[in-house]
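Colleague: Could you take me through one part of this model in detail, beginning with a single residue and working outward to the surroundings it belongs to? I would like the geometry and the burial treated together.

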Amino acid sequence: MIPDTLLIVLVSMIYLIFLTCLPYYIWISDGGITLHNLLYGRHTLQDLPIKVKVANLALLNYKETFPIFLGLSILGIVMGIPIQIACLIWLILRFIHTPSYIFAWNWIRTLSWQASIICLFWIMFQIISLNRLTMFSHF
């Protein structure tokens, strides 16, 4: 059973919040931030570890295509166009992209990113083609 497009959009928003918190979780779990740093200021902190920088880059990469996905998804929901399969595939590919970005699995990262861009075009073409079929139905 394929979830509704609105549910996929909500899960993608929750995933954005998760990606926002992920660099800080990595930083705290690696011992980069201690209780002393939190209580007495951040001016004594060292530079960001490489894992934290990579997690920030994964977040920035997600934020590059998320507004496009969000706009197309909301447009599809408002117009009543069934785009949930393409939206679900996009979200799964983004789930694959983040760990492959953090763990430097370059081929998987590249393929998942390219396939997610193709999914955005697929959503766009579905909206255009199905809108043309129903655009003049009221005349």
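**A close look**

Modeller: Ser-112 has a relative accessibility of 4%, and because this is under the 20% cut-off the residue counts as buried. The model is a predicted one, and what follows should be read with that in mind. Ser-112 is placed in helix H5, which covers residues 106-134, and its side chain reaches the backbone oxygen of Arg-109 at a distance of 3.0 Å. Arg-109 in turn lies over the face of Tyr-101, 5.0 Å from the ring centre, and Tyr-101 is among the buried residues of helix H4. If residues up to four places away in sequence are set aside, Ser-112 touches Leu-93, Ile-96, His-97 and Ser-100.

These contacts lead to helix H4, residues 84-102, whose 19 residues should span 27 Å at 1.5 Å a residue; the end C-alpha atoms are 28 Å apart, which agrees with that expectation. The buried residues of H4 include Leu-93, His-97 and Ser-100, each of which is touched by Ser-112, as well as Ala-86, Cys-87 and Trp-90. After H4 comes Ala-104, which has a positive phi, near 60°.

From Trp-90 one can move on to the largest nonpolar core, which has 26 residues, and in which Tyr-62, Phe-69, Trp-90 and Ile-123 touch the most other members. Helix H1 (5-29), H3, H4 and H5 each contribute at least two residues to this core. In soluble globular proteins, nonpolar side chains tend to be buried together. Ile-123, with residues up to four places away in sequence left out, touches Phe-69, Leu-72, Ile-83, Ala-86 and Cys-87, and of these Ala-86 and Cys-87 appear among the buried residues of H4.

The aromatic rings deserve separate attention, since a pair of aromatic rings is described by the distance of the centres and the angle of the planes. There are 9 aromatic pairs in the structure. In one of them, Tyr-15 and Phe-95 have ring centres 4.5 Å apart and planes at 75°, so the pair is edge-to-face. Because Tyr-15 lies in helix H1 and Phe-95 in helix H4, this pair ties together parts that are 80 residues apart in sequence. The two partners differ in exposure: Tyr-15, with a relative accessible area of 10%, is buried, whereas Phe-95, at 32% relative accessibility, counts as partly exposed. The rings of Tyr-62 and Trp-90 have centres 5.9 Å apart and planes at 40°, so that pair is tilted. It links distant parts of the chain, with Tyr-62 in helix H3 and Trp-90 in helix H4, 28 residues apart. Tyr-62, at 0% relative accessibility, counts as buried, and Trp-90 is likewise buried, with a relative accessible area of 0%. Ring pairs join Tyr-15, Phe-18, Tyr-62, Phe-66, Phe-69, Trp-90 and Phe-95 into a cluster.

Finally, Leu-59 shows how helix H3 (residues 50-79), in which this leucine lies, relates to an earlier part of the chain. Leu-59 has a relative accessible area of 8% and is therefore buried. Its contacts, again without residues up to four places away in sequence, are Leu-16, Leu-19 and Thr-20. The C-alpha atoms of Leu-59 and Cys-21 are separated by 9.5 Å, although the two residues are 38 residues apart along the chain.

Notes: Residues numbered from 1 in each chain as written. Predicted model: local features only at pLDDT ≥ 70, side-chain atom pairs only at ≥ 80, totals over all residues. Heavy atoms only, no water. Helix = DSSP H or I, 4+ residues; strand = E, 2+ residues; numbered from the N terminus. Buried < 20%, exposed > 50% of the residue type's maximum accessible area, 1.4 Å probe, protein only. Polar contact = N/O pair within 3.5 Å; in protein donor to acceptor, adjacent residues only side chain to side chain. Contact = heavy atoms within 4.5 Å. Expected span 1.5 Å × (residues − 1). Core = buried A, V, L, I, M, F, W, Y, C linked by side-chain atoms within 4.5 Å. Phe/Tyr/Trp six-rings, centres within 6.5 Å; stacked < 30°, edge-to-face > 60°. Lys NZ or Arg CZ within 6 Å of the ring centre and 35° of its normal.
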